[in-house]
Amino acid sequence: MTDPITATSRYLAYLLRHRPDAVGIVLDDEGWTAVDTLLTATARHGRTITPDLLAAVVDGTDKRRFELRDGRIRAAQGHSVPVDLRLDPVPPPARLYHGTVARFLAAITADGLRPGRRTHVHLCADRADAATVGARRGEPVILTVDAAGMHRAGFTFYRAANGVWLTDHVPSNWIDVGPAESGHWQRP
Ligand code: HQG
């Protein structure tokens, strides 16, 4: 059984990233909706979320998937609905990591990292976090991205409120499939 905090976090991520229409709410162009409107809508659809449970979801999960501001809530990242989070471009660290699985490597080698149905490619500053992302789909494969090189070449990076790094596309020549510790880029 999934615990109530995890179950509610998943449900709210689904609504606030992908399907606000599932409970009849509308996000503004930055992805925000009023907390009252959201909770009234979920209750109408049979999911009562108490203020205490919402606070536990917002503050109590390790990934900090949601932002609260002035009585409004939004997902910090991960959207497939078109939103503009109005994040400022930020110079990235030298390397960023992407967790995936082996079955995607041929396509990633051909196309680079694509956002798929989301608005951005998601990258982690920490290899361990990338391993966790990849492990959602199987044995994780961690790709190392030459983020500083991309930035010098004119690519834009953003950092979501929860620390996830976002960019539009990572062409494969910036990706190293080998271990970061090897110190050289083994570009596919
Ligand atoms: C792969 C979770 C084929 C990519 C995580 C990934 C993250 C390609 C999958 C957040 C490809 C997309 C996002 C290409 C990339 N051809 N496959 N050219 N380029 N892929 O879920 O990064 O827990 O949309 O490697 O923690 O896995 O929900 O992206 O395997 O931060 O908060 O296509 O979701 O956050 O999958 O995960 P996703 P992601 P939450």
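This is a short dialogue on reading backbone angles and nonpolar cores in a predicted model.

Colleague: What should I know before I start?

Modeller: The model is predicted, so local features need pLDDT of at least 70 and side-chain atom pairs count only at pLDDT 80 or more, while totals for chains, interfaces and linings use all residues. Residues are numbered from 1 along each chain as its sequence is written, and side-chain values use heavy atoms, with hydrogens and water left out.

Colleague: Where does R64 lie, and is R64 buried or exposed?

Modeller: Helices (H or I, at least four residues) and strands (E, at least two) are DSSP runs numbered from the N terminus. R64 sits in the loop between α3 (51-60) and β2 (66-69). Buried means under 20% relative accessible area, exposed over 50%, and partly exposed in between (1.4 Å probe, protein chains only). With 41% relative accessibility, R64 is partly exposed. R64 is not a glycine, yet has a positive phi of about 50 degrees.

Colleague: What is the phi of D70?

Modeller: D70, also not a glycine, has a positive phi near 50 degrees. D70 belongs to the loop between β2 and β3 (72-75) and is exposed at 69%.

Colleague: How many residues has the largest nonpolar core?

Modeller: A nonpolar core is a set of buried Ala, Val, Leu, Ile, Met, Phe, Trp, Tyr and Cys residues joined through side-chain atoms within 4.5 Å. The largest has 26 residues, and L12, L16, L38, L54, F66 and I73 have the most contacts inside it. α1 (4-18) gives the most to this core, with 5 residues.

Colleague: Which domains give residues to this core?

Modeller: Domain bounds come from an automatic or database domain assignment. Domain 1 (4-75) and domain 2 (95-176) both contribute, so this core lies between them.
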